[in-house]
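Me: I'm new to this structure and would love a close look at one part of it. Could you pick a part and walk me through it slowly?

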Amino acid sequence: MVDGQRTSAATDDHALVRSVLAGNRAELPRLAERMACVPRLLRLLDQRRGGVLGVEERADLAQDVTVRIWRKLEEYEGSAPFEGWVWGFCLLEYQNAVRRKSRLRHETEVAARLERGEGVALDPDPWAHEDVHAGLRRIGREEARVIQLKHFEGLTFEEIGLALGLSPNTVKARYYRGLRELRPLLEEGGAR
Amino acid sequence: MSATDRPGEAPRERPHDPRHEERILELLCGDRPEDDAEVRELLRTCPSCRASWRELEETRARLDGAAEERREVLAELGRGTPAAGEERLLDTLQDLAAREPHARRGPLRPGWMVAAAAVLLTGAWAGWRWLRPAEAPRAPTWLGAHGLELLEPRGHVDEYGRFAWTYDGDATAFTLRIYAEEDGRPGALLLEKEGWKDTTWTPAAEGLARLPARIHWEVDALDEFRAPLDSASASASRSSR
């Protein structure tokens, strides 16, 4: 990412992450401060879904997400502030946690329906955008990157080109190819 | 309308040409407006381009929807009060930094020594490649393919019984989930075994009895924080009873 394209928050976050990755443990309290967005994002997501998880469940989930983020920390490139990068982890893990909980709750009911010889319908999926995020994880990494910068970070093709060191035409070709790859995954109704 | 069409008649369709995609790409990226004459003619006469453009628009709208939710939540974030789990963050990070450090520090491993070692290793590897006898190409290795492997049941079996898998990493527990397979995809969750320490599990007889003819099952290998290290899934079917 070209520095001129980064916001100052993203630049600061990137420097902080690089320092932690280099083994500077004195920076861990600052990183913990920045990662406070994890439990807060999980709470906001849960509020928007009507409060499915309990407080303890959210706290446990925040810890799981923190572990995942730590293991992927090297992939943070500073193209967005830390919260924007963390968003994907929170959303995915939150959805998985809720799906597990909801499926467990319905297990008895489903088993009873099967015993009665009734068909088992798929649970209605309340995650309108889940397949979009899942699909972006399955298409080409370069294509997904362009799509994320275009739609989620709101950059123009020229800005994306500057950020990635590519010509605008290459960026556009990747965007087009990415959308074409993504489409059938959305039709599948949520890539696993 | 093209010059070859007659009033009242359906527009004459033309076969798709890969060069059309250039126009669709320009339209998608805003380099041509939708009312551009060439684009309008293309969408009117090429069914493949018409379908492709409709799909691209739908996909773009789905992305916009997902991006909108993200924007809304991130905008709310700044107004939030502390949330459950924040108090554990620093401890968790310090624990992780101790157990899973990203970098090793110290005077014995400065960057130039690592770089020099890399150069030496590359040279040694290149020499070995040059001198060794030719061999048949090896099969590709897929990431994760060697970690967690589901053994049984797979494919068609007479009866479901034991579920078995292997994992060559350091998992502290496994989670096994068995779904009804519907249209080739996992449907309703039927059985779940969480925090299982062994690499085999046999459901109780009543659990086995209620499994349908086709199932999809998956296993997550978990670390001490219950975070997944690896996961794998397989399908199986049994003879109708």
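Reply: Happy to! One term comes first: two strands count as paired if DSSP finds at least two bridges between them. Please keep in mind that this is a predicted model.

Let's take the sheet in chain B. This open sheet has five strands in the order S2-S8-S7-S4-S5, and its pairing is mixed. At the edges of the sheet stand S2 (155-157) and S5 (185-196) of chain B; each has a single partner strand, so one side of each is left without a neighbour in the sheet. On average, neighbouring strands here are turned by 30° against each other, direction ignored.

Now zoom in on the S4-S5 end of that order. S4 of chain B covers residues 173-182 and pairs with S5(B) in the antiparallel sense, over seven bridges. You can follow this pairing residue by residue. Glu181(B) stands opposite Pro186(B) in S5(B), while Phe174(B) stands opposite Trp196(B), also in S5(B). S4(B) and S5(B) form a hairpin with two residues between the strands, where Asp183(B) takes a positive phi near 55°. As general background for looking at strands, side chains in a regular strand alternate between the two faces of the sheet.

To place the sheet in context, let's step back to how chain B meets chain A. Here 71 residues of chain A are in contact with 66 residues of chain B. The size of an interface is often given as the accessible area lost when the parts come together. Between chain A and chain B, about 6800 Å² is buried, with carbon and sulfur atoms giving 58% of that area.

Charged and polar pairs take part as well. The rule finds 13 salt bridges across the interface of the two chains. For one salt bridge to look up, try Arg88(B) with Glu56(A), whose closest N and O atoms are 3.3 Å apart. Polar contacts across the interface amount to 22 residue pairs, both residues being at pLDDT 80 or more. On chain A, the helices that each supply at least two residues to the side touching chain B include H2 (28-34), H3 (37-48), H4 (55-72) and H5 (82-115). H4(A) gives the largest share of that side, 13 residues. By kind, the residues on this side of chain A divide into 38 nonpolar, nine polar and 24 charged.

Methods
Residues are numbered from 1 along each chain as its sequence is written. Chains are lettered from A and ligands numbered from 1 in the order in which they are written. This is a predicted model: local features need pLDDT of at least 70, side-chain atom pairs count only at pLDDT 80 or more; totals for chains, interfaces and linings use all residues. Side-chain values use heavy atoms; hydrogens and water are left out. Helices (H or I, at least four residues) and strands (E, at least two) are DSSP runs, numbered from the N terminus. Axes are lines fitted to C-alpha atoms, for helices over the stretch in contact, and angles run from 0 to 180 degrees between N-to-C directions. Contact means heavy atoms within 4.5 Å. Buried area is the accessible area (1.4 Å probe) that two parts lose on being put together, summed over both. A salt bridge is a side-chain nitrogen of Lys or Arg within 4 Å of a carboxyl oxygen of Asp or Glu. A polar contact is a pair of N or O atoms within 3.5 Å; within protein, one must be able to donate a hydrogen and the other to accept it, and residues adjacent in sequence count only if both atoms are side-chain atoms. Ala, Val, Leu, Ile, Met, Phe, Trp, Tyr, Cys and Pro count as nonpolar, Asp, Glu, Lys and Arg as charged, and the others, Gly among them, as polar.
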